[in-house]
Amino acid sequence: MADGHHRRPQPRHCRISVDGQPTECAANRSGLRRAIWRKAEPGWTICGIPEVLYTDHGCDFTSRHIEQVCAELKIRMIFSLVGQPRGRGRIERFFGTLNTCCLADLPGYLAPGASPKPSLTVAQLETALRHFIIETYNHTPHSTTKQPPETRWRQGGFLPQMPASLEQLDLLLLTVVKPRHVQRDGIRFQALRYISSILAGFVGEAVTIRYDPAD
């Protein structure tokens, strides 16, 4: 496979050795949070709640939690067909461009047959990726649209739909919803009991709690 703009061969997988271990995909929920919310960098204006989320069948995207998140944000999920990577062509192409035009030039790149020593921290890798996306990718004409992504995004006065606040977005993305009943001695969850005077008026009622699974 070759990228339509750079015409460079693209291996199917890309890996970088960081601190002794190959990097893995960051938590999908955290990635979705970054994609939706406004970026701190003035050169990275793309943001907003997507209308459609195209994804594979990874366990995180088939979970009840991500289903709830998409329902609350009114995002329609479309799953690719199992065993048919052609259905993910656009994102696979971006990964290929990222691999050949950014990662391959970084120290610690795991090229076929190579065993490089770890040379980057996670923070350094993130800095390199940000620089590539903001300074190079967003300003390089796309072979299909003939326009840089940043230019195409700004056309037509499009206003993306945004969450009311970052706190609301975090509440949806980073916490999991569970139903519970308020007992006289509070709410029981994961062998713990939570007590508050606020719960006194809700004894016997069904409530929804949210918790951070990483906490």
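**Exercises on cysteines and salt bridges**

At 43% relative accessibility, Arg34 counts as partly exposed. The model used in these exercises is predicted.

**Exercise 1.** Find the salt-bridge partner of Arg34 and state which elements the pair links.

Solution.
Step 1. The side chain of Arg34 meets that of Glu126 in a salt bridge, with an N to O distance of 2.8 Å.
Step 2. Arg34 belongs to helix H1 (residues 28-36), while Glu126 belongs to helix H4 (residues 122-136). The two residues are 92 apart, and the pair links distant parts of the chain.
Step 3. Exposed means over 50% relative accessible area and buried means under 20%. Glu126 has a relative accessible area of 28%, so Glu126 is partly exposed.

**Exercise 2.** Determine what the salt bridge between Glu41 and Arg130 ties together.

Solution.
Step 1. The N to O distance between the side chains of Glu41 and Arg130 is 2.3 Å, and they meet in a salt bridge.
Step 2. Glu41 is located in the loop between H1 and strand S3 (52-55), and Arg130 in helix H4. The pair therefore ties together parts that are 89 residues apart in sequence.
Step 3. Glu41 is partly exposed at 22% relative accessibility, and Arg130 is partly exposed at 27%.

**Exercise 3.** Work out which residues are joined into one network by salt bridges that share partners.

Solution.
Step 1. A salt bridge of 3.2 Å (N to O) is formed by the side chains of Arg130 and Glu126.
Step 2. Both residues lie in helix H4, four residues apart, which means a separation of about one helical turn.
Step 3. Through shared partners, the salt bridges join Arg34, Glu41, Glu126 and Arg130 into one network.
Step 4. For the structure as a whole, the number of salt bridges is seven. Among them are the pairs Glu126 with Arg34, Glu41 with Arg130, and Arg130 with Glu126.

**Exercise 4.** Explain why Cys102 has no bond to the closest cysteine sulfur, and state whether Cys102 is buried or exposed.

Solution.
Step 1. A disulfide is a covalent bond between the sulfur atoms of two cysteines. The cut-off for such a pair of sulfur atoms is within 2.5 Å.
Step 2. The closest cysteine sulfur to that of Cys102 is in Cys101, at 8.6 Å, which is too far for a bond.
Step 3. Searching the whole structure gives zero disulfides.
Step 4. Cys102 has 7% relative accessibility, so Cys102 counts as buried. Cys70, at 3%, also counts as buried.

Key:
Residues numbered from 1 in each chain as written. Predicted model: local features only at pLDDT ≥ 70, side-chain atom pairs only at ≥ 80, totals over all residues. Heavy atoms only, no water. Buried < 20%, exposed > 50% of the residue type's maximum accessible area, 1.4 Å probe, protein only. Salt bridge = Lys/Arg side-chain N within 4 Å of Asp/Glu carboxyl O.
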